[in-house]
Amino acid sequence: MQNYHNANRPNQRDNLQNNRNRQKFDKSKPGDLFKDVKQIDQPLMEEYGNRPEIFLEGGLLYENANKIIGLKTHQIRKVLQVTKEALTLAHSSTDFSQAKKKLFVLLPMTAYNVGRAQKGEKTSYESFLKFIYANVNQHSITTVDDIEMFDQMITSIVAYHKFLGGKE
């Protein structure tokens, strides 16, 4: 004889599937991450070249390092490495587009890390992605000087991250 007491109640497997579906709908869309981010619409040297205060304690780069304090140092250094490679390409190559492309790859690379991040790290990864999104685009990277400026910015963020006690 069948047990009709549980016939109208969902079983554990149904509850698990419903929770998974609910989690899918509760997530915000990836594009929503950038809705409040203002992209730099001029070359980085024009935007920041006459603003040395961005490098000082309490400045733009210090604040960004503080926002990403939950990241491990090696994650930020990966971005620094790609930036250094782009700078080397820009200085040694006659094709500036290759150096520019190298920097543009930072966006999907960092977005991938946001997707893989654990709950406690996600906010830091998102902040770093927003910083890169704001500063690396067609309008902001137009010359070798812009790549040099971005290199100095990332180097400063790495230094402040270390100073502020960021993860190893």
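Mentor: Helices (H or I, at least four residues) and strands (E, at least two) are DSSP runs, numbered from the N terminus. The model is predicted, so local features need pLDDT of at least 70 and side-chain atom pairs count only at pLDDT 80 or more, while totals for chains, interfaces and linings use all residues. Residues are numbered from 1 along each chain as its sequence is written, and side-chain values use heavy atoms, with hydrogens and water left out.

Trainee: How many helices and strands are there in the chain?

Mentor: Read along the sequence, the chain follows the pattern α-α-α-α-α-α-α-α. The count is therefore, by the DSSP runs, eight helices and zero strands.

Trainee: What percentage of the residues in the chain is buried?

Mentor: Buried means under 20% relative accessible area, exposed over 50%, and partly exposed in between (1.4 Å probe, protein chains only). Of the 168 residues in the chain, the buried share is 36%.

Trainee: Among contacts between residues at least 6 apart in sequence, what percentage joins residues at least 24 apart?

Mentor: A contact means heavy atoms within 4.5 Å. Among contacts in the chain between residues at least 6 apart in sequence, the share joining residues at least 24 apart is 76%.

Trainee: What does helix H7 reach from its first C-alpha to its last?

Mentor: H7 covers residues 119–135, 17 residues in total. The expected span of a helix is 1.5 Å times one less than its number of residues, and for H7 this comes to 24 Å. The model is close to that expectation, with a reach of 25 Å.

Trainee: Which helices are included in what covers the buried residues of H7?

Mentor: The buried residues of H7 are Glu121, Ser124, Tyr125, Ser127, Phe128, Leu129, Phe131, Ile132, Ala134 and Asn135. What covers these residues includes helices H2 (44–48), H3 (60–67), H4 (73–92), H6 (106–116) and H8 (144–163).

Trainee: Which kind of aromatic pair do Tyr62 and Tyr160 form?

Mentor: Rings of Phe, Tyr and Trp (its six-membered ring) pair if their centres lie within 6.5 Å; planes under 30 degrees apart count as stacked, over 60 as edge-to-face and the rest as tilted. By this rule there are two aromatic pairs. For Tyr62 and Tyr160, the centres are 5.1 Å apart and the planes lie at 80°, which makes the pair edge-to-face.

Trainee: How many residues apart in sequence are the parts that Tyr62 and Tyr160 tie together?

Mentor: Tyr62 is buried at a relative accessible area of 13%, and Tyr160 counts as buried at 16%. Because Tyr62 lies in helix H3 and Tyr160 in helix H8, the separation of the parts tied together is 98 residues.

Trainee: Is the pair of Phe131 and Phe150 stacked or edge-to-face?

Mentor: Phe131 lies in helix H7 and Phe150 in helix H8, so the pair ties together parts that are 19 residues apart in sequence. Both rings belong to buried residues, with Phe131 at 5% relative accessibility and Phe150 at 0%. The ring centres are 6.4 Å apart and the planes are at 20°, so the pair is stacked.

Trainee: Which element gives the most to the lining of the largest cavity?

Mentor: On a 1 Å grid over the protein atoms alone, a cavity is a set of points where a 1.4 Å probe fits but cannot get out; a pocket is an open set with protein on both sides within 12 Å along at least five of seven lines, and lining residues have an atom within 4 Å of a point. The largest cavity is lined by Leu71, Gln75, Val79, Met109, Thr110, Asn113, Tyr125 and Phe128. Two or more of these lining residues come from each of H4, H6 and H7. With three residues, the element that gives the most is H6.

Trainee: What volume does the second largest pocket have?

Mentor: Its lining has 13 residues, and Asn64, Lys67, Lys130, Phe131 and Ala134 lie nearest its centre. The largest share of the lining, five residues, comes from H7. Grid points are joined across faces, edges and corners, and a volume is the space filled by probe spheres set on the points. For the second largest pocket, the volume is about 240 Å³.

Trainee: Is Ser92 buried or exposed?

Mentor: Ser92 is found in helix H4, and its side chain reaches the backbone oxygen of Thr88 at 2.8 Å. At 59% relative accessibility, Ser92 counts as exposed.

Trainee: With which side chain does that of Glu47 make a polar contact?

Mentor: Glu47 lies in helix H2 and counts as buried at 18% relative accessibility. A polar contact is a pair of N or O atoms within 3.5 Å; within protein, one must be able to donate a hydrogen and the other to accept it, and residues adjacent in sequence count only if both atoms are side-chain atoms. Not counting residues up to four places away in sequence, Glu47 touches Ile40 and Gln42. The polar contact, at 2.7 Å, is with the side chain of Gln42.
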